[in-house]
Amino acid sequence: EMVKKILIFSIILFMITNCARQVKKIPPPEGPTETPEIIAENYVSDAIDFYQEQKYSEAINSWKKALQIIPQDAEVHNFIGLAYHRSGELDSAITNFKQAVMLDTLYYQAWNNLGYLQFLKGNYLDALENFYQSLKANPTYEQARLNYTKASEILEGRLQIQAFELVEETAKMDSLEMQIANYRKALEIDSNYVDAWNNLGV
């Protein structure tokens with residue numbers, strides 16, 4: 001268990017994976033019906049429950065219902081992007097992250113998420129720019145800083161992408177024997193890859 005915990009910290013690319021939002025509101029006692037804002041928040045809350053249960057299609061549908069009422073809510077667009085990412089629909093995720101940062105240019109988590117998805121798609125220049133925008137909005141955001149550094153190393157040829165991808169995948173494996181073998185393969189590709197040396201030592 002300790003080995004797994006240590007390895008998790010060695011995975012370099014990060015994105016926001018949790019959804020946090022205000023809890024459900026209830027209608028005021030003096031009002032016979034819920035306001036549109038309360039209805040929207042209830043859709044958002046229901047979607048968060050679906051997301052946490054890994055029911056991503058249901059979560060997306062519920063968030064989209066919320067957007068019919070609050071279409072300018074950047075956070076909801078970001079949430080939908082997360083669910084599409086979890087569903088493997090990267091293009092739809094990118095579309096929603098782009099919408100989130102268009103609505104709120106200082107939404108540094110969404111900028112980072114957009115960069116992460118662009119990185120997965122192999123759009124490294126776009127990813128680098130997105131990480132930069134995240135840091136511009138929040139210079140202390142550690143995840144974006146780490147992502148920016150790693151993307152820069154790959155673009156500048158200081159880190160081989162094949163070694164990076166191999167280490168990323170290996171860190172998710174349960175078999176220590178497979179991990180050891182793969183980290184050694186990564187080091188054959190790039191003998192200067194510090195993260196591979198670190199994980200192999202662990």
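**A chat about helix H3 and its surroundings**

Q: Hi! Which residues of H3 are buried?
A: In this predicted model, the buried residues of H3 are Tyr56, Ala59, Ile60, Ser62, Trp63, Ala66 and Leu67.

Q: Where do they sit around the axis?
A: They are on the same side of H3, because they cover an arc of only 165 degrees around the axis.

Q: And what do those buried residues pack against?
A: Their partners are helix H2 (36-52) and helix H4 (74-86).

Q: What span should H3 have, going by its residues?
A: H3 runs over residues 56-69, so its 14 residues at 1.5 Å a residue should span 20 Å. The end C-alpha atoms are 20 Å apart, which agrees.

Q: Okay, on to the core. How many residues does the largest nonpolar one have?
A: It has 30 residues. Val44, Tyr51, Trp63, Val76 and Ile80 have the most contacts inside it. Trp63 is also one of the buried residues of H3.

Q: Which helices supply at least two residues each of this core?
A: Those are H2, H3, H4, helix H5 (90-103) and helix H6 (108-120). H4 brings the largest share, 7 residues.

Q: What's in the second core?
A: That one is separate and has 17 residues, including Leu128, Ala151, Ile154 and Tyr183.

Q: Switching to pockets: what volume does the second largest have?
A: About 210 Å³. It is lined by 12 residues, and the closest to its centre are Leu120, Phe164, Glu165, Glu168 and Glu169.

Q: Which helix gives the most to that lining?
A: H9 does, with 5 residues. Helix H9 (161-170) and H6 each supply at least two residues of the lining.

Conventions. Residues numbered from 1 in each chain as written. Predicted model: local features only at pLDDT ≥ 70, side-chain atom pairs only at ≥ 80, totals over all residues. Heavy atoms only, no water. Helix = DSSP H or I, 4+ residues; strand = E, 2+ residues; numbered from the N terminus. Expected span 1.5 Å × (residues − 1). Buried < 20%, exposed > 50% of the residue type's maximum accessible area, 1.4 Å probe, protein only. Arc of directions from axis to C-beta. Contact = heavy atoms within 4.5 Å. Core = buried A, V, L, I, M, F, W, Y, C linked by side-chain atoms within 4.5 Å. 1 Å grid on protein atoms, 1.4 Å probe; cavity = no way out; pocket = protein on both sides within 12 Å on 5 of 7 lines; lining within 4 Å. Points joined across faces, edges and corners; volume = space filled by probe spheres on them.
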